[in-house]
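Reader: I'm new to this and keep running into words like "buried" and "core". Could you walk me through them on a real example?

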Amino acid sequence: LFQEKEQITLSQLSLVDLAGSERTNRTKAEGSRLREAGNINQSLMTLRTCIEVLRENQMHGLNKMVPYRDSKLTHLFKNYFDGEGKVRMIVCVNPKAEDYEESLQVLRFAEMTQEVEIARPVDRPLFGLTPGRRFRNQAFQEELSRKLEMRGGPIDAETEEMALETILQNFPPLPACELMDINDDQTLPKLIEALEKRHHLRQILIKELSKAMLAFKTALHEFDSGVASKENYMKSRLSEKERTITAQKTEIERLEKKIKTLEYKIEILEKTTTIYEEDKRNLQQELESKSQKLQRQASDKKRLEARFQGMVAETTMKWEKECERRVAAKQLEMQNKLWVKDEKLKQLKAIVTEPKTEKPERPSRERDREKPTPRAMSPPPVPNVTPVRLRHRRSRSAGERWVDHKPPSNLPTETVMQPHVPHAITVAAATEKALAKCDKYMLTHQELASDGEIETKLIK
């Protein structure tokens, strides 16, 4: 069934999923997934480099080396990029607005691939040879033909006969060899003499041929040794050149990769700059809104402070009146108590100073009940007394120096119970100079209580 090779054609179909180039910060890939995504992106970058080199060679007529061996993906597609087959690429684009930059890069790559054109050889049926081996067999046949031409080509029969005729023409001609008479004694001696001359000439030619062969062998040996030395020298030089070329190619590939990496980094930095500029604009807008909010809060705070000052003044007047009333009541109560004590002392003094002439009778209980008890005189009316400022208790730390820290935001409450610290240094801000002079520290702190009043705290 498969004897007719002209009717058999081998084909190869390769389907490769190139995956996507999503950003890792969005996919949240870790571990082996992250390494796999990095390898996929590296293969895609190498494929793009090969496409760019092919397009550059086509447009400018160059013969730059295409880096197919930088990744397994491009190494698999090498025969197809050389013209042995057809390549089709399907590009998927995400329509989301957030992926605009990635979609734009993919579309640019697809547009560049459409501009690449490769000359394809004439398709012919194959049997047992893949597209890559076709060129190798053809190159082997051409190299074999070239080497045979350098060696002079194969020796055929006609060339050998012509060389033999040329050699025989150098010998003397033979005399007539026909014997007409049995007593003929001249023909044979002439023939013998001619043959002897031919034999002698043959010996001379053999010697000359041997000398020429020996000289040719010597020259050939010398030539071979010279050629071998030259070949060795050329091989060494060629190997050095190849090493230099390989090193230069490696350096060029490294620089190209570095350029691609730098371009990729520049692209990332441009995107980062765009993001940062957007963040900067958002922050500026947020800062403006915060500033307006702070201004509104400051105006509200001023209004609240004015309201609190009015409340503090009203509360101060109220407590001052209450304190005056309590002090007046307390003074009246104390004067009444002092008057009662004075009356009792006067009665006791009268009893003590009265002479004892006779023993007084002990009044009975009934007589005591009948005798009315004298009513005490009501105390005289108390005149209006102005409130006297109470003396503060002397602090136990009178011999010590204090730092009285009262911030400038504190409001004077002007209440009766006020802290009094003698020998104190009052400061609006705690400084190192003031703290060095004293060994005690007190801070006056005010805050708004839940009922709207100002609550003052002393921290010692």
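Author: Sure! This is a predicted model, and the accessible surface of its protein chain comes to about 39,800 Å². Carbon and sulfur atoms account for 56% of that surface.

Reader: And what is the chain built from, in terms of helices and strands?

Author: There are 10 helices and four strands. Starting at the N terminus, the order is α-α-α-α-α-α-α-α-α-β-β-α-β-β.

Reader: How much of the protein chain counts as buried?

Author: Of its 460 residues, 12% do.

Reader: Okay, pick one. Why is Val427 called buried?

Author: Its relative accessible area is 14%, and buried means under 20%. Since 14% is under 20%, Val427 counts as buried.

Reader: Where does Val427 lie, and what does Val427 touch?

Author: Val427 is in strand β2, which covers residues 424-427. If you skip neighbours within four places in sequence, Val427 is in contact with Val403, Asp404, His405, Lys406 and Ala434. Take Lys406: 21 residues separate it from Val427 in sequence, yet C-alpha to C-alpha they are 6.2 Å apart in space.

Reader: What makes Leu107 partly exposed?

Author: Leu107 has 45% relative accessibility. Buried is under 20% and exposed is over 50%, with partly exposed in between. The value 45% falls between those cut-offs, so Leu107 gets the middle label.

Reader: Which element holds Leu107, and which residues share a surface patch with it?

Author: Leu107 lies in helix α5. Together with Met89, Val91 and Val93, Leu107 forms a nonpolar patch on the surface, with about 300 Å² of accessible area in total.

Reader: Now the core. What makes a set of residues a nonpolar core, and how many residues are in the largest one here?

Author: The members must be buried nonpolar residues whose side-chain atoms join up within 4.5 Å. The largest such set here has 14 residues. Leu47, Ile51, Leu54, Val66, Tyr68 and Phe81 have the most contacts inside it. Helices α2 (32-60), α4 (78-81) and α5 (100-114) each supply at least two residues of this core. The largest share, five residues, comes from α2.

Reader: Why would nonpolar side chains be found together like that?

Author: In soluble globular proteins, nonpolar side chains tend to be buried together.

Reader: Which residues does Leu47 touch?

Author: Not counting residues up to four places away in sequence, Leu47 touches Leu18, Leu73, Thr74, Phe81, Met89 and Phe109.

Conventions:
Residues numbered from 1 in each chain as written. Predicted model: local features only at pLDDT ≥ 70, side-chain atom pairs only at ≥ 80, totals over all residues. Heavy atoms only, no water. Buried < 20%, exposed > 50% of the residue type's maximum accessible area, 1.4 Å probe, protein only. Contact = heavy atoms within 4.5 Å. Areas by Shrake-Rupley, 256 points an atom, 1.4 Å probe, with all protein chains shown as cover. Patch = residues over 30% accessible without salt bridge, like charges linked within 9 Å, V, L, I, M, F, W, Y side chains within 5 Å. Salt bridge = Lys/Arg side-chain N within 4 Å of Asp/Glu carboxyl O.
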